[in-house]
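Please walk me through this structure in plain terms. I would like to know how its parts fit together.

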Amino acid sequence: MSPNTHLSRLVLSRVYSGSPAFDISLHEVTKRFAINALPDWFNQNLRPLIRSIDVKCFGRTASSILAGQLGSDFPTLRTITVSIYSHNCDDYCDSDCDEDEDEGVVVETIPLNVAPVLERVTLYGSLLPWNASVLAHITHLTIQIHNGRRRTLRDPGAQSPSHSQMRSVFATLRNIMELYLDIFPRYAITPMAMDREPIPVPSSCARIILRSVNRHMDCQQLATSLVLPSQTSLVIVQV
């Protein structure tokens, strides 16, 4: 993806000429592209037209800039996929990696505020706020922060969910059909553990996948707290 702003504006000028909907697919967002061109793709005039977002982001600077661009209203957004990778692009990226940062991914929070028709959210290396109002509309949600490379939470206190926050998430996911998680509350194994409030799963949910990466006990504690409808399948994957 060229970081040249003129090329981006040439492409976007076609959108402004009368397109009723706009699908954004950017698969090589590097530091230079994020600084020079990314704001043009998410400017205030374009946001009401955006129907889907699919972005692959390389490096800490690029991912931070992307998160900042996704914090406003998207009235027609239906699907969003965000994939965040290290700037070591050997496995993913054919272009030059212009990052001068340490390897490793910082997990960003995607601060979607208003997206009233959003249905599908797929996040690799990032997550939503645990109290996000957009959760109420989502039918398919994937949050996967582990993919074999080192991950660092940008704000562990806010990004690591508590049991009560997870209970609130399930209560808000009123339309969820499929849910995939690999981040869990950090449970302390104490005599009080058996007194945790159960977490009712919405009747709309057909399948839940919990993927445990070195957090097997926390995954187990969350799984045993779930109250599953008869038609809901629960899959636990241990890595």
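**Helix H7 and the rest of the chain**

In helix H7, which covers residues 216-225, the buried residues are Asp218, Cys219, Gln221, Leu222, Ala223 and Ser225. These buried residues pack against one helix, H6 (163-172), and against four strands: S10 (199-200), S11 (207-212), S12 (226-227) and S13 (233-238). The model is a predicted one.

H7 belongs to a chain with seven helices and 13 strands. Of the 239 residues in the chain, 49% are buried. Among contacts in the chain with a separation of 6 or more, 73% are between residues 24 or more positions apart. The accessible surface of the chain is about 11300 Å², and carbon and sulfur atoms hold 50% of that area.

Helix H6, one of the elements that H7 packs against, contains His163. With a relative accessible area of 14%, His163 falls under the 20% limit and is therefore buried. The side chain of His163 makes a polar contact of 2.8 Å with the side chain of Tyr187. Apart from neighbours within four places in sequence, the residues in contact with His163 are Pro185, Tyr187, Arg196, Glu197, Ile199 and Ser225. Ser225 is also one of the buried residues of H7.

The next part is a sheet. Strands of a sheet pair through backbone hydrogen bonds, and the pairing is either parallel or antiparallel. Here three strands form an open sheet in the order S6-S4-S8, and the pairing is parallel. Strand S6 (126-127) and strand S8 (151-153) are at the edges and have a single partner strand each, so each has one side without a neighbour in the sheet.

Strand S4 (residues 105-109) is joined to S8 by three bridges, and the two run parallel. Across from Val105 of S4 stands Arg151 in S8, while Val107 has Leu153 of S8 opposite. Two bridges link S4 to S6, again in parallel. On that side, Thr109 has Leu127 in S6 as its bridge partner. Four of the five residues of S4 are buried, so S4 is largely enclosed by the rest of the structure.

Aromatic rings come next. A pair of aromatic rings is described by the distance of the centres and the angle of the planes. The count of such pairs in this model is three. In one of them, the ring centres of Phe22 and Trp41 are 6.1 Å apart and the planes are at 15°, so this pair is stacked. Phe22 is in strand S1 (residues 22-29) and Trp41 in helix H3 (residues 38-41), so that the pair links distant parts of the chain, 19 residues apart. Phe22 and Trp41 are both buried.

Phe42 and Phe74 form another aromatic pair, with 6.5 Å from centre to centre and 80° between the planes, which is edge-to-face. Phe42 is in the loop between H3 and strand S2 (50-58), and Phe74 is in the loop between helix H4 (60-69) and strand S3 (79-85), so the pair ties together parts 32 residues apart in sequence. Both Phe42 and Phe74 are buried.

Phe42 also leads to the nonpolar core. In soluble globular proteins, nonpolar side chains tend to be buried together. The largest nonpolar core in this model has 63 residues, and Phe42, Leu128 and Leu141 are those with the most contacts inside it. Not counting residues up to four places away in sequence, Leu141 touches Val121, Leu128, Leu135, Leu173, Ile176, Glu178, Leu179 and Tyr180.

One of the residues that Leu141 touches is Leu135, found in the loop between S6 and strand S7 (140-144). Leu135 counts as buried because its relative accessibility is 4%, under the 20% limit. With neighbours within four places in sequence set aside, Leu135 is in contact with Leu128, Pro129, Trp130, Leu141, Val169, Thr172 and Leu173. Leu135 and Leu173 are 38 residues apart along the chain, and their C-alpha atoms are separated by 5.5 Å.

How values were computed. Residues are numbered from 1 along each chain as its sequence is written. This is a predicted model: local features need pLDDT of at least 70, side-chain atom pairs count only at pLDDT 80 or more; totals for chains, interfaces and linings use all residues. Side-chain values use heavy atoms; hydrogens and water are left out. Buried means under 20% relative accessible area, exposed over 50%, partly exposed in between (1.4 Å probe, protein chains only). Contact means heavy atoms within 4.5 Å. Two strands pair if DSSP finds at least two bridges between them. Accessible areas come from the Shrake-Rupley method with a 1.4 Å probe; for residues, only the protein chains shown count as cover. A polar contact is a pair of N or O atoms within 3.5 Å; within protein, one must be able to donate a hydrogen and the other to accept it, and residues adjacent in sequence count only if both atoms are side-chain atoms. Rings of Phe, Tyr and Trp (its six-membered ring) pair if their centres lie within 6.5 Å; planes under 30 degrees apart count as stacked, over 60 as edge-to-face and the rest as tilted. A nonpolar core is a set of buried Ala, Val, Leu, Ile, Met, Phe, Trp, Tyr and Cys residues joined through side-chain atoms within 4.5 Å.
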